[in-house]
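Me: Please take a close look at one part of this model, the network of salt bridges, and describe what surrounds it.

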Amino acid sequence: ISNYEVNSELNIHNLDSEFVMAKKIKSKVILNPQKLALNSFELENNNEKITLLKNIEFYNFKKRKFLEDKVSVNVQALKLQNGLRFLRSSMSPLKGTLTGKVDFILNENDFNLSLSKDSFVDNLRLQFNENKPILSINKLNLKNGDFNVVGSPVDVELSIEIDNTRVRITG
């Protein structure tokens with residue numbers, strides 16, 4: 001068969017992977033000889049929600065490549081431990097919930113993540129033991145946030161606002 005197209009709705013329940021945990025995922029998938037694409041994607045895990053904002057080509061069969069384009073999602077109350085699960089050990093002390101628009105690009109050598117200016121993190125904590133957090137912020141407003149992960153180092157360009165205090169972090 002050289003010319004075909006499969007349109008399907010995919011539902012996944014109780015997913016627990018190294019990338020994300022979800023009670024329910026609903027997506028619409030298109031498969032043809034050129035590509036595997038997602039026309040919609042919604043993830044729910046209790047109060048957490050991730051919604052794909054535009055269609056993406058997940059895999060290109062001719063180029064033999066995954067996710068070459070930017071992926072844009074809207075997140076609501078996404079626990080940082082769930083959203084950053086793939087960075088498990090290095091990010092485990094970071095707690096809180098993220099809400100806002102997130103763009104990411106996954107290249108062969110790095111991972112770029114951008115947060116929109118209207119994003120915020122509720123109940124942000126840096127906590128190495130259960131009793132005392134080192135840092136605790138009720139609401140952190142993100143003015144811009146760009147992260148680039150190459151191997152183990154993380155490049156950060158971040159502008160935040162806490163109450164009326166603005167902070168710029170680069171590193």
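Reply: A salt bridge is here a side-chain nitrogen of Lys or Arg within 4 Å of a carboxyl oxygen of Asp or Glu, and in this predicted model Lys 70, Lys 101 and Asp 103 are linked in a network of such contacts. Asp 103 takes part in two pairings: with Lys 101 the N to O distance is 3.4 Å, while with Lys 70 the closest N and O atoms are 4.0 Å apart. The pair of Lys 70 and Asp 103 links distant parts of the chain, 33 residues apart, with Lys 70 in the loop between strand S6 (65-66) and strand S7 (71-79) and Asp 103 in strand S8 (residues 94-106).

The members of the network can also be described by their accessibility. Asp 103 counts as buried because its relative accessibility is 14%, under the 20% limit, whereas Lys 70, at 36%, counts as partly exposed, and Lys 101, at 33%, likewise counts as partly exposed.

Lys 70 has a further role in the picture, as one of the residues that line the largest cavity, together with Ile 56, Glu 57, Leu 67, Glu 68, Asp 69 and Val 71. That cavity has a volume of about 30 Å³, and the structure holds one cavity of 30 Å³ or more. Its lining divides into three nonpolar, no polar and four charged residues.

The structure holds four salt bridges, and among them is the pair of Glu 157 and Arg 168, whose closest N and O atoms are 2.3 Å apart.

Technical notes
Residues are numbered from 1 along each chain as its sequence is written. This is a predicted model: local features need pLDDT of at least 70, side-chain atom pairs count only at pLDDT 80 or more; totals for chains, interfaces and linings use all residues. Side-chain values use heavy atoms; hydrogens and water are left out. On a 1 Å grid over the protein atoms alone, a cavity is a set of points where a 1.4 Å probe fits but cannot get out, and a pocket is an open set with protein on both sides within 12 Å along at least five of seven lines; lining residues have an atom within 4 Å of a point. Grid points are joined across faces, edges and corners, and a volume is the space filled by probe spheres set on the points. Ala, Val, Leu, Ile, Met, Phe, Trp, Tyr, Cys and Pro count as nonpolar, Asp, Glu, Lys and Arg as charged, and the others, Gly among them, as polar. Helices (H or I, at least four residues) and strands (E, at least two) are DSSP runs, numbered from the N terminus. Buried means under 20% relative accessible area, exposed over 50%, partly exposed in between (1.4 Å probe, protein chains only).
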